[in-house]
Structures are given as structure tokens and as C-alpha cells.
Amino acid sequence: MKELIEELKVKIIEALNLEEVRPEDIDENASLFGDGLGLDSIDALELIVMMERNYGIKLKDPAQGKEIFKSITVMADYIQKNRTK
Amino acid sequence: MRIKKWLSFSPDSLSLNGETLGVVGGGVEMLHELYRRKVGDYPKFFKMDMLGKLGFVASELLLQSEDAPRFVPREDRSVVFCNRSASLVADRRYQETISDADNYYPSPALFVYTLPNIVTGEIAIRNKYYGETSFVVLEKFDPEQIAMHVAAAFQDPVCQSQLVGWTECSDESHWQCLMLLVEREGELDRHGLAATLERMFTSL
């Protein structure tokens with residue numbers, strides 16, 4: 001799980017062009033949206049694409065993202081349980 | 001009309017109000033370096049496409065040189081940009097995400113930039129400008145046409161000044177940028193503005 005969390009931090013920085021953020025700057029339990037990393041709705045869509053591309057997870061309802069993208073830890077937990085690649 | 005401030009910017013030179021500024025690196029890295037050195041407080045910059053980064057950096061340099069408070073909501077300033085290649089750089093990058101049927105992952109973050117007028121919106125949001133924003137795609141640099149669009153925007157009596165730009169980029173290493181802050185009151189008529197634009201463009 002720890003390894004997946006670290007991998008996710010790198011992939012999120014890359015996918016969302018968070019140029020000035022380093023993996024160690026990201027608190028895996030902090031909110032990704034709002035006060036945390038300050039991501040927006042386009043970033044949420046990009047995370048959905050990233051999950052499909054890297055882990056073979058296709059969200060049927062984009063609204064699920066609200067729960068899954070609460071934090072890196074929550075996201076990693078969801079990926080671990082649902083990944084197909 | 002009067003040109004209050006002006007900037008000309010190509011991969012080889014950057015000039016602000018007639019004074020040459022130093023640039024480091026090449027291509028999009030030059031824009032990143034300028035952002036870090038002269039702006040630095042708008043992380044969304046890194047999410048922008050090439051056109052957005054070019055327009056954003058140029059507008060920041062120009063507006064920093066204006067002796068006026070920044071980020072105060074105002075309705076009396078418009079943003080009028082033109083170019084030839086529209087959002088071609090972003091269009092190509094987006095196309096790459098959908099061209100392979102076995103690797104078909106359309107990027108939402110790239111897709112939002114496949115409209116050239118996103119750059120005028122980005123600048124208006126950043127500066128809290130609530131006047132008109134428009135982006136006109138022309139066949140080529142045409143100073144008379146640009147001046148006509150500027151004059152048209154001044155038909156609105158609320159509009160007192162405009163950020164006017166020619167922001168052309170055909171790829172990440174080639175761009176031409178002229179940006180001007182034009183005020184309503186002044187000695188220039190439409191043709192005078194066009195002649196000035198022509199001179200500036202020739203020296204780009």
C-alpha cells in the first residue's frame with residue numbers, strides 16, 4: 001500500500017502538471033480538492049483518465065470520484081481493491 | 001487612442017516599453033523561467049497550453065509595468081487578442097491522445113485548451129477584468145484588422161482601456177507576441193494604431 005501511495009503521488013504530479021510540487025510535499029491523508037492540493041473539476045476528470053489508463057479502472061459514474069478522490073490514501077485503497085492491471 | 005505600455009516578445013528577444021529584457025533558455029522553458037523569475041504566484045500557469053503560457057507571461061510583464069493597482073475588479077478594461085494559428089499547439093497535443101485506438105485516453109486537461117480564447121479568459125480571471133474578452137483568428141498579421149477590432153471594442157462607452165495582443169505560436173519553439181495597453185483617450189486614430197502595430201511587428 002505504501003508503495004502504491006508513493007507511486008500515485010508521482011503519477012498525480014505528472015498527470016496534473018503540478019510543476020512545483022514534490023511527492024514529499026503531498027500529505028497522503030489531506031484533501032486533494034479545496035484546501036489540500038487545490039485541484040479543480042478538470043483535474044478530477046484527468047484523475048479518472050489516469051486511473052483507467054494506469055490501473056484499468058473505469059468509473060461508471062464520475063460522481064463516484066467525489067468519494068474516491070478524498071485523499072491519496074482513499075484513492076490508493078480503492079485502486080488496490082479494483083485494479084485490473 | 002494612446003498606447004500606454006507595450007511589449008514585443010519572440011524566442012530571440014524580449015522588449016518591454018522599449019527596454020530589452022534578458023531571457024534564459026529556449027522554447028517553453030523560456031516562458032517557465034520568466035514565470036518563475038517575474039511572477040511565481042500562480043501555479044495554474046503550469047497547466048496552461050503554450051498559447052496560454054505565452055499570453056499569461058506577456059500580460060504579467062506588461063501589467064507589472066503599469067503604474068496602477070493590480071487585481072482590483074474592473075469593468076472598464078477589455079482583452080482583445082488575435083493570432084493566425086488559433087490553438088494549434090494544444091490541438092496537436094490533444095490529437096496525440098486520441099489518435100491511437102489502442103491507447104485512446106482523451107485528456108480533459110488538454111481538451112479545455114483547444115480553444116484559443118481560453119487565454120483571454122485566463123488573463124481576465126487573473127486580473128479581475130469584467131470587460132469584453134475576444135480572440136480573433138486572422139489569416140495573417142493584419143494591423144488594420146486588429147486596429148478595427150480595438151476600435152470596435154471602444155464603441156462600448158464603459159471600455160476605457162484594452163489589453164491588445166498578437167499572440168501567435170505555431171509550435172513550442174516559435175512564437176511572435178506583441179502586447180499593448182491601449183487607452184481610449186489619445187492622439188491615435190484607428191489607422192495610426194495600425195501603422196504603429198505594423199512598425200512593431202516589423203521589428204519583432
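Here's a quick tour of this model, from one residue in chain A to a helix in chain B and then the place where the two chains meet. Keep in mind that the model is predicted. For chain A the mean pLDDT is 91, with 100% of the residues at 70 or more. Chain A and chain B bury about 1200 Å² between them, and three salt bridges are counted there.

**Confidence in chain A**

- Of the elements in chain A, helix α4 comes out with the highest mean pLDDT, at 96.
- At the other end is helix α3 (residues 65-68), which has the lowest mean pLDDT of the chain A elements, at 88.
- It's handy to know that predicted coordinates shouldn't be read in detail where pLDDT is low.

**A look at A:Asp77**

- You'll find A:Asp77 in helix α4 of chain A, which covers residues 72-82.
- A:Asp77 counts as partly exposed because its relative accessibility is 29%, and that class lies between the 20% and 50% cut-offs.
- The side chain of A:Asp77 makes a polar contact of 2.9 Å with the side chain of A:Lys81.
- As a bit of background, an α-helix has 3.6 residues a turn, so residues three or four places apart point the same way.
- Follow the sequence from A:Asp77 to A:Ala44 and they are 33 residues apart, while in space their C-alpha atoms are 17 Å apart.

**Helix α5 of chain B**

- Helix α5 of chain B (residues 118-127) is mostly covered, with seven of its 10 residues buried.
- Among those buried residues are B:Val119, B:Ile123 and B:Ala124, but also B:Glu122 and B:Arg126.
- So what does the covering? The cover over the buried residues of α5(B) includes α2 (50-64), β4 (77-83), β5 (133-137) and β6 (161-171), which belong to chain B.
- Right after α5(B) comes B:Lys128, with a positive phi of about 60 degrees.

**Where chains A and B meet**

- Chain A brings 13 residues to the contact and chain B brings 12.
- In chain A, the residues that lose the most area to chain B are A:Glu19, A:Glu20 and A:Arg53, and together they make up 38% of what that side buries.
- Carbon and sulfur atoms give 55% of the area buried between the two chains.
- One salt bridge links A:Glu20 with B:Arg36, and their closest N and O atoms are 3.4 Å apart.
- Five residue pairs are in polar contact across this interface.
- On the side of chain A that touches chain B, seven residues are charged, five are nonpolar and one is polar.

How values were computed: Residues numbered from 1 in each chain as written. Chains lettered and ligands numbered in written order. Predicted model: local features only at pLDDT ≥ 70, side-chain atom pairs only at ≥ 80, totals over all residues. Heavy atoms only, no water. Helix = DSSP H or I, 4+ residues; strand = E, 2+ residues; numbered from the N terminus. Buried < 20%, exposed > 50% of the residue type's maximum accessible area, 1.4 Å probe, protein only. Polar contact = N/O pair within 3.5 Å; in protein donor to acceptor, adjacent residues only side chain to side chain. pLDDT = per-residue confidence, 0-100. Contact = heavy atoms within 4.5 Å. Buried area = accessible area lost by both parts, 1.4 Å probe. Salt bridge = Lys/Arg side-chain N within 4 Å of Asp/Glu carboxyl O. Nonpolar A, V, L, I, M, F, W, Y, C, P; charged D, E, K, R; others polar.
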